[in-house]
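Colleague: I haven't looked at this one before, so could you walk me through it?
Modeller: Gladly; let me put it up and we can start with the helices.

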Amino acid sequence: MPGVWRKEQVEAWKPVVDAVHAKGGIFFCQLWHAGRVSNRDVQPNGEAPISCTDKTILKPQLLSGGNDAGQFTPPRRLRAEEIPHIVNDFRIAARNAIEAGFDGVEIHGANGYLIDQFLKDEVNDRTDQYGGSLENRCRFALEIVEATCKEIGAYRVGIRLSPFADYMESGDSNPKALALYMTKSLNKYGILFCHMIESRMILADTKFECPHSLVPMRKAFNGTFIVNGGYEREDGIRAVLEGSADLVAYGRLFLANPDLPRRFQIDAPLNAYNRDTFYTHDPVIGYTDYPFLQQVSN
């Protein structure tokens, strides 16, 4: 999805990566495959999207900004012999990301996209070695992790997971068991980080009260544990101080505040984000037009 499968794309990323590094930033490329969250119109030769299943998303959530997410095409179930080719696509993308200058990659195994579709038993209805038991449903994700680590080194690899979420009708009957199995299994590969979405974020953009905690997963995982989902400044600080996370990831607040770390440091007011401009094709509005703190004060 980030576009790192062709040589031309690798070359196009290089000045972007260089610009981030010039500012002292660390830059990871998030690798993901939409799976059934797609449409024939954007698939090669107008073919059906692929997934672990042939089940269609029936009541998709609207994307931020009011974009119509209801035009998903029924997917085609991947044959078992095709799955290694998809794993290899992730491996190649990881290699290309490093060639482009990225510091590492994050495998996107969350939010109802292809890897998440394999992980969740409410979507994955397979009866082969990629379906049924926890071990089988997690096999695809872990094969991608293994292939990526072998290609670029585990110290450059992270993964994003949303075991408790039901994005795009990708829920699981026992998300705690899924989360613990994945975090423990990831230790075998020694990856750099696990980036997990809070259990309170069941649906996109909505925070619910829930009894679940990510602390057991944080204790089970040997690497850096990153949490994400509805955090403000104060509860992010508290999560790190109390040891329930090593790092806290911010999305919406960072989009609207390009100097968010500085604002957090001095507890300065934040720019309000405009959700209607999220996920649009405009290269400026909603992406690079939010002011820095000094611009506000001036």
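Modeller: This is a predicted model, and a place to begin is where helix α1 (residues 7–22) packs against helix α2 (residues 83–100), their axes lying 8 Å apart at an angle of about 45 degrees.

Colleague: So are α1 and α2 oblique or roughly parallel to each other?
Modeller: They count as oblique, because angles under 35 degrees are the ones called roughly parallel, and α1 and α2 pack at about 45 degrees. The crossing in which α1 passes α2 is right-handed.

Colleague: Which residues meet there, between α1 and α2?
Modeller: From α1 there are Lys 7, Val 10, Trp 13, Lys 14 and Val 17, and they meet Asn 96, Glu 99 and Ala 100 of α2.

Colleague: And how do α2 and α4 cross?
Modeller: Helix α4 (residues 134–152) and α2 cross at roughly 35 degrees, with axes that come within 9 Å, and this crossing is right-handed. The residues making the contact include Ile 83, Ile 86, Val 87 and Phe 90 on the α2 side, and Phe 140, Glu 143, Ile 144 and Ala 147 on the α4 side.

Colleague: Changing topic, which residues touch the most other members of the largest nonpolar core?
Modeller: That core has 62 residues, and the ones touching the most other members are Phe 140, Ile 159, Met 182, Leu 186 and Ile 191. Apart from that core lies another, of 6 residues, with Ala 34, Val 37, Phe 72 and Met 168 among them.

Colleague: What does Ile 191 touch?
Modeller: Leaving out residues up to four places away in sequence, Ile 191 touches residues including Val 145, Cys 149, Ile 159, Leu 186 and Phe 221.

Colleague: Now the loops: where is Ser 162, and is Ser 162 buried or exposed?
Modeller: Ser 162 sits in the loop between β5 (157–161) and α5 (175–186), and it counts as buried because its relative accessibility is 1%, where the cut-off for buried is under 20%. Its side chain reaches the backbone nitrogen of Asn 111 at 2.9 Å, and, beyond four places in sequence, Ser 162 also touches residues including Asp 116, Lys 120 and Tyr 167.

Colleague: What about Ser 170, where is that?
Modeller: Ser 170 is in the loop between β5 and α5, and at 0% relative accessibility Ser 170 counts as buried. Setting aside neighbours within four places in sequence, its contacts include Arg 36, Gly 112, Asp 116 and Lys 120.

Colleague: How far apart are Ser 170 and Gly 190 in space?
Modeller: From C-alpha to C-alpha they are 27 Å apart, with their positions 20 residues apart in sequence numbering.

Key: Residues numbered from 1 in each chain as written. Predicted model: local features only at pLDDT ≥ 70, side-chain atom pairs only at ≥ 80, totals over all residues. Heavy atoms only, no water. Core = buried A, V, L, I, M, F, W, Y, C linked by side-chain atoms within 4.5 Å. Buried < 20%, exposed > 50% of the residue type's maximum accessible area, 1.4 Å probe, protein only. Contact = heavy atoms within 4.5 Å. Helix = DSSP H or I, 4+ residues; strand = E, 2+ residues; numbered from the N terminus. Polar contact = N/O pair within 3.5 Å; in protein donor to acceptor, adjacent residues only side chain to side chain. Axes fitted to C-alpha atoms, helices over the stretch in contact; angles between N-to-C directions. Left-handed = near helix turned anticlockwise from the far one by under 90°.
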